[in-house]
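User: I am new to this and would like to learn how to read a structure step by step. Could you show me how to begin with a single residue and then move on to the DNA?

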There are 2 protein chains.
Amino acid sequence: MAVTMNDVARAAGVSLKTVSNVLNDYEFIRPATKQRVQDAIAELGYEANLTARSLRSGKTSMLGLVLSDLSAPYYAELASKLMKAAAQRGYRVLVEQSDAEGSAELNALQGPFRQLTDGLLFTPLAIDADAVASRAGKKPLVMLGEHILDPRFDLVTMKNEEAAAAVTAHLLGSGRRRIAVVGASPGESAGSAGLRLNGYRRALEEAGVPFDPALIAPAEWRRDTGAAAVAGLIEKGVRFDAVFGLNDVLALGAMHQLLIRGIKVPQDVAVAGFDDIDEARFASPSLTTISPGMDEIAERSIALLLDRISGRESAGQGLHVEAGFKLKVRESAP
Amino acid sequence: MAVTMNDVARAAGVSLKTVSNVLNDYEFIRPATKQRVQDAIAELGYEANLTARSLRSGKTSMLGLVLSDLSAPYYAELASKLMKAAAQRGYRVLVEQSDAEGSAELNALQGPFRQLTDGLLFTPLAIDADAVASRAGKKPLVMLGEHILDPRFDLVTMKNEEAAAAVTAHLLGSGRRRIAVVGASPGESAGSAGLRLNGYRRALEEAGVPFDPALIAPAEWRRDTGAAAVAGLIEKGVRFDAVFGLNDVLALGAMHQLLIRGIKVPQDVAVAGFDDIDEARFASPSLTTISPGMDEIAERSIALLLDRISGRESAGQGLHVEAGFKLKVRESAP
DNA sequence: GTTCCGGGATACATCGTTGCAGAAGATGGC
DNA sequence: GCCATCTTCTGCAACGATGTATCCCGGAAC
């Protein structure tokens, strides 16, 4: 059996509660007593039982992170950073993959997963604000990403629209006029896809370039679908001189498809993405993209969530945080 | 306050323990009683308190996964699959990043992290078998990867040596004679790097091609280091007609470096990797690599760990599982 | 010398489950 | 008609910590 607080108390010749007090930095303890307890702890190799502590205190020191798929590079990098930011503050992150399915998202919101965590970082992809609101319960919840832009919720996000406009403007600036968009999500307007598409349109407008719906290719956000979308455009006979992948893996999939068809990047078609995953720098040609300030997103979303948990930041309206971004110009669209 | 078993008991007109029995599928309960309890549960929206259950039962239904860095594509994909495999069996996975640092690995082995989990999937990179053995405690532990090949531990791994020999043989078969190896880890012999290097040497021997230590470039397993290692070789004036990256990101970093220097892949230098991450298929040129049967690794390591936890597989010797592999021939080394 | 105050420690109940032991009623064998 | 066995259900203790209330004691105040 593991050594408990009781064992420590006995060894130190104090009461169980005094041991607890030492561990919780209770103010009024004689230094000598404190020392004796700490010696006993060291000698017995005592470790607090987190489960018992959780039961009693109602806190788990774990944060939940709900995302569609951890194997997507953007989410993998984000998760890694979130875990590090949380660890620095004494929290652990429990990840749940939703596969972008509504049922999984709802489960994460209500089920045992929620119970295990003190607060949630949530990237809803399938369900809407009302669904979230009606089942969110009262533990703190911070939205990550953009599918839900709602005053009821805290949200940490990036400047999707502005950044997408900046990439588009860059492509236009290098003389491209027919810029295909890969990764649109028909019918959706508030999500990342919608916002980035808005940015694209805004940049076109500002440059006085007409918008052509034929250039917009829907696709899930993966490499293979990005490749397939470009293939589809080509086969339909749509002509374009640039591709804007709404995220990097789409852009990379698209670029791959162009290259195997003998289309030169960037000479024939320029390619740009969004996310600046590590892979973008090392692709051939390297990928022009938007660096969305992921460090800032990770830091600030953890900070905000912990503020909510501790009650430092008291509710009322949802807080909206937007991280800055940088355009990274590389070979695929100089 | 959340609804507890006691509330359910009262609502159903039975004792608290009967509710517990219903939840735990106790055999001897009258169907009518069971129904009443289940109705009460549904009506009140009762959810079992996992923390309390853990405290009482000593099980957490969580598995620990220790790896160096979740943002590395291989680990991200593996973690994703492990989580899915675990979820199917009613377990959750808690991930801990070690950054390949010994202190972090030791903490994961003993500290609170261990307490929170019923068993551990462990990829030790910095510490050795004895260090693990002396602090492993008695909860089940399954090694993942190869740094520790020790009869005391269970191990799920891939055929590193054989597979590396197969890639090397493939490169030799296409006429390459000076195959640089990127990602070696000097002094280490039992780890993945060492085993893969062994495979490389074995294939050379079998083909009667002399081994040239100048071709072996040490590097950490990242894209940037892979690129730097190739740059180093070139600058030292080492000549080579192929590069074997000990994993895919190394190979991709290396390939990037070659291409920006105007060296044609595969015409001038062929490139091959190891892991078959999704990115390999979509690189330009696409990357020849080893598919290590990650699905099998994920499935079998979860299965083995759960067998150990349940006691179905009783200890004694460590079990060693080797997943199969496939050579994926693509453009970078046809 | 009694009262008051606050530092320093303690006892007890409690968080929400599950394990163990046992009670009560039904069933069956002889 | 009685003991043995099985089914069904119950009560109590326990898991290991923390919150609340309380107690004791030395010194200050009157």
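User: Which residues is Thr168(A) in contact with, leaving aside its neighbours within four places in sequence?

Analyst: Happy to start there, with the reminder that this is a predicted model. To read contacts, look for heavy atoms within 4.5 Å. Here Thr168(A), set in helix α9 (residues 160-173) of chain A, is in contact with Ile179(A), Tyr200(A), Ala203(A), Leu204(A) and Phe244(A), once its neighbours within four places in sequence are left aside.

User: Is Thr168(A) buried or exposed?

Analyst: A residue counts as buried when its relative accessible area is under 20%. Thr168(A) has a relative accessible area of 0%, so it is buried.

User: How do I read a whole helix in that way? Which residues of α6 in chain A are buried?

Analyst: Go along the helix and pick out the buried positions. In α6 (residues 102-110) of chain A, these are Ala104(A), Glu105(A), Leu106(A), Ala108(A) and Leu109(A). Next, ask what covers them: the cover includes the chain A strands β1 (62-67), β2 (92-97), β3 (119-122) and β4 (141-144), along with helices α7 (112-115) and α8 (129-135).

User: Now the DNA. How many residues surround DNA strand D, and which are the closest?

Analyst: Being near a strand means having a heavy atom within 4 Å of it. For DNA strand D, 27 residues qualify, and the closest are Met5(A), Tyr46(A), Arg56(A), Thr18(B) and Thr33(B). Of the strand D atoms that come within 4 Å of the protein, 59% belong to sugar and phosphate.

User: What lies 2.6 Å from a phosphate oxygen of DNA strand D?

Analyst: That is a backbone N or O atom of Met5(A). Side chains reach phosphate oxygens of strand D as well: a polar atom of Arg53(A) lies 3.1 Å away, and an N or O atom of Asn24(A) lies 3.3 Å away. Among the elements, α4(A) gives the most to the surface near strand D, with four residues. By class, that surface has twelve nonpolar, eight polar and seven charged residues.

User: And how many residues surround DNA strand C?

Analyst: Strand C has 25 around it, the closest being Thr18(A), Thr33(A), Arg56(A), Tyr46(B) and Arg56(B). Sugar and phosphate make up 65% of the strand C atoms that come within 4 Å of the protein. For individual atom pairs, check whether the DNA atom belongs to a base or a phosphate. The side chain of Arg56(B) has an N or O atom 2.5 Å from a base oxygen of strand C, while the side chain of Tyr46(B) places one 2.7 Å from a phosphate oxygen.

Technical notes:
Residues numbered from 1 in each chain as written. Chains lettered and ligands numbered in written order. Predicted model: local features only at pLDDT ≥ 70, side-chain atom pairs only at ≥ 80, totals over all residues. Heavy atoms only, no water. Polar contact = N/O pair within 3.5 Å; in protein donor to acceptor, adjacent residues only side chain to side chain. Helix = DSSP H or I, 4+ residues; strand = E, 2+ residues; numbered from the N terminus. Nonpolar A, V, L, I, M, F, W, Y, C, P; charged D, E, K, R; others polar. Buried < 20%, exposed > 50% of the residue type's maximum accessible area, 1.4 Å probe, protein only.
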